[in-house]
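Let's take a walk through this fold together, one piece at a time. Keep the structure open beside you as we go.

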Amino acid sequence: MTSSLGYVEPLLFLKRTQFIITSKMETSAVEFEGKTYNKITEGQATVLIPSENEVFYNPIQQFNRDMSIAAIRTWQKINADELQNNEKLKRKALKGFESSSSKGIKILEALAASGLRSLRYVKEIDNIDYILANDLSEEAVESISRNSKYNGIPEGKLRANQGDALDVLYSNRKPENQFDIIDIDPYGSAAPFIDASVQAVKSGGLLCVTCTDMAVLASNNHPETCFAKYGGVSVRSEFCHELALRLLLNAIQTSATRYQRHIVPMMSCSIDFYIRVFVRVYDSPVGAKDSIVNTGIVLNCNGCSSFKYQALGTKTCNKNNFKYHSATGPNLNSVCEICSSKLTVAGPCWISSIHNTSFAKQMYELVSESENKFFTKKRMMGMIKVIEEELEIPFHYTLSALCSAVKSGCPPIIKICSAILNAGYKVSSAHSCQCSIKTDAPTNIIWDIIRAHVNSVGKSKKIEENSISCKILSVESSTAVDFTIRKEANPESRKCKLVRYQVNPEKFWGPKSRHKTVKRKANMADLDRPQLFEKVRASPISRKEAVHQLEVFLSSSAAQTVPSGITTQLTKISKAFTESN
Ligand SMILES: C[S@@+](CC[C@H](N)C(=O)[O-])C[C@H]1O[C@@H](n2cnc3c(N)ncnc32)[C@H](O)[C@@H]1O
Ligand SMILES: [Zn+2]
């Protein structure tokens, strides 16, 4: 029986889905080996999902899968070029110790669920030796085998394995067993899998890691959990999503250095409700030493959103000899030098480059030249271009926070960016935040520019004495600010009208809960926002589920559209529930 439903909205998890970029997905009911399944096609793969939804499948993650395919193919090209030009690497690769051997690359998807991602890798990436698709769940492993068969994958190319990801990773630490690519895509935090992953990837190989626990990684709410999981503390700030990436990178780095390995981030993406990093790992005791300069703490002002960061150490070079020193300081005041408000400490976190510009350029070319390969191509091109343009400088301001600190309306961002360029500094956007301003200009220059903007449009009458706005505006500016518009202040990605920032395709866009073998009782994400508070209390679903849904909402960009009083209330509820559990 094949009753094609044609193009319908994916109903597996979402009550109402309007994909802006991912559009609609082809689904139909199909019978295979005597059972009825929902058939879902994504990219070049088709998966059969049991109609009662035994195995996790999240259609929203198509962008993640598309980006991963493009990143792995870009890595393959770069890696092949490196091997071509380096005889030592070539010899090691032939022995299978260095990425990649003549037989093709070995990929491990350690938490593979339905197997869709692995299937897409097999079909959409060339020169693969084999993929090991592992999952703890029996249903998931059955699904991987079934889908491999249904897609006609040759024997041995896609190997389904039931096991704990940690066992698989730890048992493949020997150089001859290591994988070229390891993909870690769990529910929530990837923290438990980091130590094992950095050991099971070949030198020069690529580690692809997703974390969806943004309530921990990108807020003030759970500093103790964030520290326990990632070895660093987050802070609610304009740059909290970039900080989440930097905390994860630092966690990967600290694990790698224990084994005299070091990391080089190729691309670090903040996407919707989660983060995804693509990191190369190398054997290098010397590289591991650089971790002291790659790591730092950050202080964020609670009043005006200014920030400072400082490395934990410095490195000097004398006649090709490197020497490392402890940092002096901190060269920071106990209160903000701009508005005298309290500063919150975050980190330690990764403070070096989170992307590799050459990698981003090559990935952009690959995606733009691919004809109909990626369903989310438009969004991919927008994000990769903004990443390529992003300055290699930690953290950023936002136009709205700068202007709201002085109670002023926002001017066109190009005006402020031009003033920064005219003052002799660099400026770019950050892919992780719309209307962000990333710059090497010192904080006092930024505030001189904002003061000059306020002078040009007139001061708000609402500014009270001794307020933060009053303090900022009462300072004498030391910079002659020039607002003459500069062409370079308008980046290529904006000129080309690429999809630079994705708007949430639907209300409560977010990660889905773990798969259930029984029907879910209720889905908080389906509720209208005003009903949320009452439903959390009265809901028949478990407290844990309610708190999870609440945290998902609070960490999503949808939360930014709600008056801050409401989000503060919801945060309190979430915290109270967590503490009482
Ligand atoms: C988010 S899903 C993976 C989605 C998949 N990567 C994709 O793109 O379609 C997480 C999966 O991890 C599995 N899992 C959870 N803990 C695990 C563990 N310790 N070892 C292996 N698999 C695990 C779950 O059964 C679930 O199928
Ligand atoms: Zn301040």
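## A tour of the predicted model

Strand β8 (residues 179-184) and strand β9 (residues 201-211) are a good place to start: the two pair in the parallel sense over five bridges. Keep in mind that what you're looking at is a predicted model. To find the register of this pair, look for Asp183, which stands opposite Cys208 in β9.

Now zoom out a bit. β8 and β9 belong to an open sheet of seven strands, and its order reads β7-β6-β5-β8-β9-β11-β10. The pairing in this sheet is mixed. Which strands sit at the edges? Those are β7 (158-162) and β10 (261-271), each of which pairs on one side only. Going from one strand to the next, the twist averages 15°.

One residue of this sheet deserves a stop. Glu109 is found in strand β5 (residues 105-109). Is Glu109 buried or exposed? Its relative accessibility is 2%, so Glu109 counts as buried. Leaving aside residues up to four places away in sequence, Glu109 touches Arg117, Ser118, Leu132, Ala133, Asn134 and Asp183. You've met the last of these already: Asp183 is the residue opposite Cys208.

Next, the helices that lie on the sheet. Helix α4 (residues 138-150) lies across β6 (128-135) and β7, and runs at about 165° to β7. Helix α9 lies across β9, β10 and β11 (274-283), running at about 160° to β10.

While you're around β10 and β11, have a look at the loop between them, where you'll find Asp272. Asp272 isn't a glycine, yet it has a positive phi of about 45°. With a relative accessibility of 17%, under the 20% cut-off, Asp272 counts as buried.

Back to α9, as this helix also has a helical partner. The axes of helix α6 (residues 191-200) and helix α9 (residues 240-258) come within 9 Å and cross at roughly 50°. α6 and α9 are therefore oblique to each other, and their crossing is right-handed. What does the contact consist of? On the α6 side there are Ile194, Asp195 and Val198, and these meet Leu248, Ala251, Ile252, Ser255, Ala256 and Arg258 in α9. By type, the residues of this contact divide into six nonpolar, one polar and two charged.

A second helix pair turns up further along the chain. Helix α15 (residues 413-422) and helix α16 (residues 443-457) have axes that come within 10 Å and cross at roughly 130°. That makes α15 and α16 oblique to each other, and the crossing is right-handed. From α15, the contact is made by Lys415, Ile416, Ala419 and Ile420, and from α16 by Ile446, Ile449, Ile450, His453 and Ser456. Here the residues divide into six nonpolar, two polar and one charged.

Let's go back towards the N terminus for a hairpin. Strand β3 (residues 35-42) and β4 run antiparallel, with six bridges joining them. To see the register here, find Thr41, which stands opposite Thr46 in β4. There are two residues between the strands of this hairpin, and Gly43 takes a positive phi near 55°.

How covered is β4 itself? Strand β4 (residues 45-50) is mostly covered, with six of its six residues buried. Ala45, Val47 and Ile49 point one way from the strand, while Thr46, Leu48 and Pro50 point the other way, and all are buried.

A few local details are left. Ser334 lies in the loop between β15 (321-326) and β16 (343-350). At 68% relative accessibility, Ser334 counts as exposed. From Ser334 to Thr344 is 10 residues in sequence and 9.7 Å in space, C-alpha to C-alpha. In strand β16 you'll also find Pro348. The peptide bond joining Gly347 and Pro348 is cis, with omega about 0°.

The final stop is Phe395, in the loop between α13 (377-389) and β17 (397-398). Phi of Phe395 is near 70°, a positive value in a residue other than glycine. Phe395 is buried as well, with a relative accessible area of 1%.

Key
Residues numbered from 1 in each chain as written. Chains lettered and ligands numbered in written order. Predicted model: local features only at pLDDT ≥ 70, side-chain atom pairs only at ≥ 80, totals over all residues. Heavy atoms only, no water. Buried < 20%, exposed > 50% of the residue type's maximum accessible area, 1.4 Å probe, protein only. Helix = DSSP H or I, 4+ residues; strand = E, 2+ residues; numbered from the N terminus. Pairing = 2+ DSSP bridges. Axes fitted to C-alpha atoms, helices over the stretch in contact; angles between N-to-C directions. Parallel < 35°, antiparallel > 145°, perpendicular 65-115°, else oblique. Left-handed = near helix turned anticlockwise from the far one by under 90°. Contact = heavy atoms within 4.5 Å. Nonpolar A, V, L, I, M, F, W, Y, C, P; charged D, E, K, R; others polar.
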